[in-house]
Amino acid sequence: MEIWDAYRADGSLAGCDLVRGEPIPPGLFHLVSEVLVRHTDGGYLLMQRDWRKEKYGGMFDATAGGSAIKGETPLQAALRELREETGIIADGLTPLYVCRCRQSIYHGYLCVTGCGKSEVALQPGETIGYRWVSEPEFLRFVHSGACAGVRRERLAGYVATLEGLRPG
């Protein structure tokens, strides 16, 4: 049984717990942290979700992430999810976005890493594959139907920045 802290719409703690899989009462939210991984060589990591995942099974995803467990900050959850789903251990992350969608408050981060590209570790039940792609391939992925629309929306600000910085 996974226990989450309950939050109000403004991101403050509500003082009660939520249980994964049980309905979230109206007006309450739980935290989700997501991490986009960029290599120091400019490439981006795409992780393939396990086929057994309820949402987007088998699809490649631009972020690693998941729900914050009770007592975790968004950053702590992001670092844990990054380590669990990719094996990448980061010293710090750069905040990209905070947004609310349905009954979740999403915190997005960027991890820039120089890890060995073959050292990515898969998490049984979560991830079944990965690939590193160039920045243009990453942008094509985000704009394609292969990237879940909700993820594309959350990454829109970061993508717009990249596209504005690209020459030509």
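**Burial, salt bridges and a pocket: how each label is reached**

Colleague: What makes Arg154 count as buried?

Modeller: Arg154 has a relative accessibility of 10%. Buried means under 20% relative accessible area, exposed means over 50%, and partly exposed is in between (1.4 Å probe, protein chains only). So Arg154 counts as buried. Before we go on: this is a predicted model, where local features need pLDDT of at least 70, side-chain atom pairs count only at pLDDT 80 or more, and totals for chains, interfaces and linings use all residues. Residues are numbered from 1 along each chain as its sequence is written, and side-chain values use heavy atoms, with hydrogens and water left out.

Colleague: Thanks! How do you know that Glu34 and Arg154 meet in a salt bridge?

Modeller: The N to O distance between the side chains of Glu34 and Arg154 is 2.7 Å. A salt bridge needs a side-chain nitrogen of Lys or Arg within 4 Å of a carboxyl oxygen of Asp or Glu, so this pair passes. Glu34 is in strand S3 (residues 30–39) and Arg154 is in helix H3 (residues 149–165), so the bridge ties together parts that are 120 residues apart in sequence. Helices (H or I, at least four residues) and strands (E, at least two) are DSSP runs, numbered from the N terminus. Glu34 is buried too, with a relative accessible area of 4%.

Colleague: Why are Asp61 and Arg49 called a salt bridge?

Modeller: For Asp61 and Arg49 the N to O distance is 3.9 Å, so the pair meets the distance rule. Asp61 belongs to strand S5 (residues 60–61) and Arg49 to strand S4 (residues 44–49), so parts twelve residues apart in sequence are tied together. Asp61 counts as buried at 8% relative accessibility, and Arg49 is buried with a relative accessible area of 18%.

Colleague: What makes Lys70 and Asp5 a salt bridge?

Modeller: Their side chains meet at 3.1 Å, N to O. This pair links distant parts of the chain, 65 residues apart: Lys70 is in the loop between strand S6 (63–67) and helix H1 (74–86), while Asp5 is in strand S1 (residues 3–7). The partners fall into separate burial classes: Lys70 is partly exposed at 44%, whereas Asp5 is buried at 11%.

Colleague: How many salt bridges does a search of the whole structure find?

Modeller: The search finds eleven. There is also a network of salt bridges that links Glu72, Arg80, Glu81 and Glu84.

Colleague: On to cysteines. Why is there no bond between the sulfur of Cys99 and the closest cysteine sulfur?

Modeller: The closest cysteine sulfur, in Cys101, is 7.0 Å away from the sulfur of Cys99. A disulfide is a pair of cysteine sulfur atoms within 2.5 Å, so that separation is too far for a bond. Cys111 is in a similar position: its closest cysteine sulfur, in Cys115, is 7.6 Å away, too far for a bond. By this rule the count comes to zero disulfides. Cys99 is partly exposed at 24% relative accessibility, and Cys111 is buried with a relative accessible area of 1%.

Colleague: Which residues have a backbone atom by the polar side-chain atom of Thr127?

Modeller: The backbone nitrogen of Gln123 lies 2.8 Å from a polar atom of the Thr127 side chain, and the backbone oxygen of Glu85 lies 3.5 Å from one. Thr127 is in strand S9 (residues 127–133) and is buried, with a relative accessible area of 6%.

Colleague: What is Val35 in contact with, leaving aside its neighbours within four places in sequence?

Modeller: Contact means heavy atoms within 4.5 Å. Val35 is in contact with Ala62, Thr63, Ala64, Ala78, Leu82, Leu93, Tyr109 and Cys111, its neighbours within four places in sequence left aside. Val35 and Leu93 are 58 residues apart in sequence and 8.3 Å apart in space, C-alpha to C-alpha. Val35 is found in strand S3 and counts as buried at 0% relative accessibility.

Colleague: Last one: which element gives the largest share of the lining of the largest pocket?

Modeller: Strand S6 does, with five residues. The lining has 38 residues, of which Arg20, Val32, Lys55, Ser67 and Tyr106 lie nearest the centre of the pocket. Elements giving two or more residues to this lining are S3, S4, S6, H1, strand S8 (104–113) and H3. A pocket here is an open set of points on a 1 Å grid over the protein atoms alone where a 1.4 Å probe fits, with protein on both sides within 12 Å along at least five of seven lines, and lining residues have an atom within 4 Å of a point.

Methods: Polar contact = N/O pair within 3.5 Å; in protein donor to acceptor, adjacent residues only side chain to side chain.
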